[in-house]
Amino acid sequence: MSAPADVRLDGVTVSFDSFRALDSVTLEIPAGQICVILGPSGAGKSTLLRTVNGLVFPDRGSVAIGGTTVDRRSLPGLRARIGMIHQHFGLAQRASVATNMIAAAAPAMPLWRALLGFYPAVDRRRACALIEAVGLQEEHLARRVDRLSGGQQQRVGIARAFMRDPALILADEPVASLDPRSAGEILDLLRDQARMRGATVVCSLHQLDLARSFADRIIAMRDGRILFDSPPDRLDAWQIAQVYGRGAPEQVMLEAAE
Amino acid sequence: MTIAAEQWSFPRVYGGRGIAILIAALLVLWITGQRVEMGRMATLTVEAVMAQLGLAERSQVADGLGKLMGQLVPIQLSDQRDVTRIEGFDPDRLPLFSHLETVATKVERLDPQSMRREQVIERATVLVRPLGYLGHVAIKMLETLEIALWGTVIAAMIGLPLGLLGARNITPHPAVRVAARSIIGLLRAIPELISALFLVVAYGFGPIAGVLALALYGAGFLGKFYAEDMESADPKPQEAMTAMGAGRLLLWRFAVLPQVVPQFIAYTLYILDRNVRMATVIGLVGAGGIGQELKGSYDMYEYGHVGTILVAILIVVLLLDHGAARLRHRWL
């Protein structure tokens, strides 16, 4: 178990051509918190997550993880402590579950071991333990990822994110391509694992009901800005309507009114 | 303002531009067709067919082909060697299935005493092996297959690194990519037959030149297709690998390679298939295998031998086609 790391964004601005994805976002997520970022498509949720592990560099402002500023020099060290979970799982579809799991440990092992398949025993054991922890069986290890259901694939995604004992988990819409029941299960699993293994979680979500039962804190974004930032029980219908604007799906409105 | 659907115009299939392209294409075909004598080809072919049907008296094409074809059969199966040329020949212990024959040949010779030309009948004992030439062809065919196999292996060994350096998502630097792509283009630009001509000069007659000629072109082909396949691989696992802090090699190993393996196998099998055919052709310029044997026999007017070789090539290529199709069906 590692010590969870805090995340600090200071005036982060990211533009793609003329489109401003993040507009001077300042945010502090304390270590160990489970923080959900909510908002419509194009609000800047993914960009925010991607700036944290350096997949996107901000035009202005800075990001720091556990007190270390994210830049090209610090990135390799930082990424070793960040696990990422993706909407489309980010798994190599034609490779086995075992290969996908080992891939997360590969950057830390000698190159020849990673390329020739002589994986260290400690990594192999850890992969097995994590696959068990996310509710899969030994038989799944040798199975190709594209033979698994979406829910099972995301379980592998979560297991993989914990391969290197991360201090921070970034989850980019981890349940957006899953059915509602597996979505709930996956989020519960993610939260339990994060609490047990000691990791801060920053997770973007679409569904308000899921966010409420999952998060310690909900941050709502729109047009690259933070609209509000509160514990889940303090959200009201008016705030939700603001996030989703006039074109708000009725379902969200109803859920918020409950 | 919107117009009712009854008044919409459906996009025309034959627009002005389409017709212009059609006319231009016909014009190009008309001019080039005259230059490569397409008209004469048609006349000669029709004449040949008519001759077969008894509607024309004679045809240059049919006569020439028919004469050659007639000489191809019967195909040569046996071979014979003069026993005096076999080292340590023992008439009591003949090789399996072989027998001795005496061959008489008429030779004109100048008699040194009378200073006259006279015909002498020379007798020679030869060892005849009934399927000897067939065995020889089989060995040459095997050599061709071996040349093709090694040509493919070396092509893949050169093509894979070239493909890696030439793929946008894996290359260490854009300049390296340009360099790798240029090498690939160069290799692809030289047909096997031409590189074989030069390699035969460099390495001498035989399989080495053949293997290298096939390998160079194959490396260009495989490098290009490997690279393009890796570039078009699903980017999502690659981004996941980058997010984990993996370098380019690990990204390739864990996020690209698993996706492209089936296509890599398909391309490599195609090159193997192609190499078997091409190995026969480049043998004609002396690069080993059955092609070299074919060229030798053809130049010696031994058309029976040529017939045997052609039948052997036909059988091998058909078997190969069949095998490759089954292999693809099974695995891909």
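Start by selecting Met84(A) and Leu170(A): Leu170(A), in E7(A), is the bridge partner of Met84(A). Keep in mind that this is a predicted model. Now widen the selection to both strands, E6(A) and E7(A), which run parallel to each other over 4 bridges.

Next, bring in the rest of the sheet. Reading across, the strands of chain A come in the order E6-E7-E8-E3-E9-E10. That makes an open sheet of 6 strands with mixed pairing. Which strands stand at the edges? Colour strand E6 (82-85) and strand E10 (225-230) of chain A: each has a single partner strand, so one side of each is left without a neighbour in the sheet. Turn the view and follow the twist: ignoring direction, neighbouring strands here are turned by 20 degrees against each other on average. While the side chains are on display, a general tip helps: in a regular strand they alternate between the two faces of the sheet.

Stay with E7(A) and step back along the chain. The loop between helix H7 (150-161) and strand E7 (168-172) of chain A holds Asp165(A). Check its backbone: phi of Asp165(A) is near 55 degrees, a positive value in a residue other than glycine. Is Asp165(A) exposed, partly exposed or buried? Asp165(A) counts as partly exposed, because it has 14 C-beta neighbours inside 10 Å.

A second aspartate is worth a click. Asp17(A) sits in the loop between strand E1 (7-16) and strand E2 (19-29) of chain A. Asp17(A) is not a glycine, yet it has a positive phi of about 50 degrees. With 5 C-beta neighbours inside 10 Å, Asp17(A) counts as exposed.

From that loop, move onto E1(A) itself. E1(A) pairs with strand E4 (residues 60-65) of chain A in the antiparallel sense, over 5 bridges. To spot one pair, pick Val7(A), whose bridge partner in E4(A) is Ile65(A). Leave Ile65(A) selected, since Thr68(A) in E5(A) is also its bridge partner. E4(A) and strand E5 (residues 68-69) of chain A are antiparallel too, with 2 bridges. Their hairpin has 2 residues between the strands, and there Gly66(A) takes a positive phi near 55 degrees.

Now select helix H1 (residues 45-52) of chain A. Why is this helix largely enclosed by the rest of the structure? The reason is that 7 of its 8 residues are buried. Among the buried residues of H1(A) are Lys45(A), Leu48(A), Arg50(A) and Val52(A). Just past the end of H1(A), Gly54(A) has a positive phi of about 75 degrees.

Time to switch to chain B. Show helix H4 (residues 132-166) and helix H7 (residues 207-231) of chain B, whose axes come within 6 Å and cross at roughly 35 degrees. The crossing of H4(B) past H7(B) is right-handed. Colour the residues of this contact by class and you get 18 nonpolar, 8 polar and 1 charged.

Last stop: the place where the chains meet. The contact takes 22 residues from chain A and 18 residues from chain B. On the chain B side, helix H8 (235-243) and helix H9 (248-283) each supply at least two residues. Which element of chain B gives the most to this side? That is H9(B), with 8 residues. By class, the side of chain B that touches chain A has 12 nonpolar, 3 polar and 3 charged residues.

Note on methods: Residues are numbered from 1 along each chain as its sequence is written. Chains are lettered from A and ligands numbered from 1 in the order in which they are written. This is a predicted model: local features need pLDDT of at least 70, side-chain atom pairs count only at pLDDT 80 or more; totals for chains, interfaces and linings use all residues. Two residues are in contact if their C-beta atoms, placed from the backbone, lie within 7 Å. Ala, Val, Leu, Ile, Met, Phe, Trp, Tyr, Cys and Pro count as nonpolar, Asp, Glu, Lys and Arg as charged, and the others, Gly among them, as polar. Axes are lines fitted to C-alpha atoms, for helices over the stretch in contact, and angles run from 0 to 180 degrees between N-to-C directions. A crossing is left-handed if the near helix is turned anticlockwise from the far one by less than a right angle, and right-handed if clockwise. A residue is buried if 20 or more other C-beta atoms lie within 10 Å of its own, exposed if 12 or fewer, and partly exposed in between; C-beta atoms are placed from the backbone. Two strands pair if DSSP finds at least two bridges between them.
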